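Here is a short round of questions on how some labels are earned. Each answer sets a value against its cut-off.

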Amino acid sequence: MTAPPDDCLARNEWICGAYLSTRRQILLDAVAQHLQLTVIAVLVGLVIAVPLAVLARRWGWAAGPVLAATTVLYTVPSLAMFSLLLPVYGLSAALVVAGLVLYSLTLLVRNILAGLRAVPEETRQAARGLGYGPVRLLLTVELPLAVPAAMAGLRIATVSAVSLVTVGAIVGFGGLGNLIYAGMNTYFKAQVLTASVLCVVIAVAADLLLLGAQWLITPWTRGARG
Amino acid sequence: MNTLAEAWHWLTDPAHWSGDDGVRHRLAQHLVLTAVCLVISCLIALPVALVLGHLGKGGALAVNLSNIGRAVPTFAVLVLLLLTPLGGYGEGPTVVALVLFAVPPLLTNAYVGMREVDRSVVRAARGMGMTGRQMLFQVELPLALPLVMNGVRIAAVQLVATATIAALAGGGGLGRIITAGFNLASTPQVVAGAVLVAVFALIVEGLFETAERLAPRLARGRR
């Protein structure tokens, strides 16, 4: 009988190079699933949130119900959210995405609406004086000016989504959360720590990426400062 | 619609309310867990935030901590703690993970609340010869209280919601009804559990809302 290999995997250490090299493909797949779930959820959230915020801005009476509905959605716990959607989507990746979309809505709608409301009345009047119709006013003046506030919401929503994806492990679509869940059941320390650290790395990287994107698409905010 | 009806049946069945796995026991666990975590988080975060806010230092720390807090999945922290020696202490890992989760929003809100206090009022207080301690407790804190309490409310509601994650790692609370439902492939039970948690969170939100409305009236009544 051969003796069991005496490496960090056998000793079940927290930090383990052998884990990284032997489970490379598993880790890459998990990261890919994690990114996919996050990106789709945030994009869908954005596609729904922008019209909602624009409607709430256009008709004052709509703002109350829209904000109230998204706030109630935010109060529903993530585990419960996934379960409430279970009858609709079944055990699927769509379930996790739908849950994440509903979560990101609160943050996105709130911030985009705040951005739209912060557009100075004089600016709007000036654009109207130049003969801008409501659609052109919205697309070329109001929405661009709301970008910084919207981006702040987008960053929070993305970072939250990255960490919430892990809860999707309950239905088997949790990206790195799957590894954490499996690692918990088998007491696999290296797997839990590696997956957790990767989650944080993805969140921070996404945040920096969005910050960079904001810097690129809002050149007019840079001139004033320096 | 059918699932909702079945969930309602599950909820109204008295057999599901009693016993160690019953709703009543899980609700009590959930309540105790969130209350304990909220108190510990407040004891840690509020003194630090109030002093930092009073001194006007550490703003970047308070805000960045909150952002980092959002990036770290509570579930990951919980599992990591479970695998450390702390894991042997029953609810210990859950409490630590939830406290770590609740401290950042508390800290940020309380700090911002203290900094939003009108500076001229603070200068006037200093001009009246108040000591730092008097200014903190008699001027800044009362004026910052609405924002500080808003932070406590956000933390409380999020704690109720997040405490369900403890069940993923074998802890107690209402989340157990949900995970048990998943294991039994019983959608009505899963939905029933989710509804219970959501209603609990909304009740907590409502209680804070009511307290916020009544507090000024009560304070006036005392005078």
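The turns below cover the chain contact and the cysteines.

Q: What kind of model is this, and how are residues numbered?
A: The model is predicted: local features need pLDDT of at least 70, side-chain atom pairs count only at pLDDT 80 or more, and totals for chains, interfaces and linings use all residues. Residues are numbered from 1 along each chain as its sequence is written, chains are lettered from A in the order in which they are written, and side-chain values use heavy atoms, without hydrogens and water.

Q: What makes up the contact between chain B and chain A?
A: Contact means heavy atoms within 4.5 Å. By that rule, 33 residues of chain B and 36 residues of chain A take part.

Q: How much area do chain B and chain A bury?
A: About 2900 Å², with 83% of it on carbon and sulfur atoms. Buried area is the accessible area (1.4 Å probe) that two parts lose on being put together, summed over both.

Q: Why is A:Cys199 not in a disulfide?
A: A disulfide needs two cysteine sulfur atoms within 2.5 Å. The closest cysteine sulfur, in A:Cys16, is 19 Å from that of A:Cys199, so it is too far for a bond. The whole structure has zero disulfides over all chains.

Q: Why is B:Cys37 called buried?
A: Buried means under 20% relative accessible area, exposed over 50%, partly exposed in between (1.4 Å probe, protein chains only). B:Cys37 has 0% relative accessibility, so B:Cys37 counts as buried.
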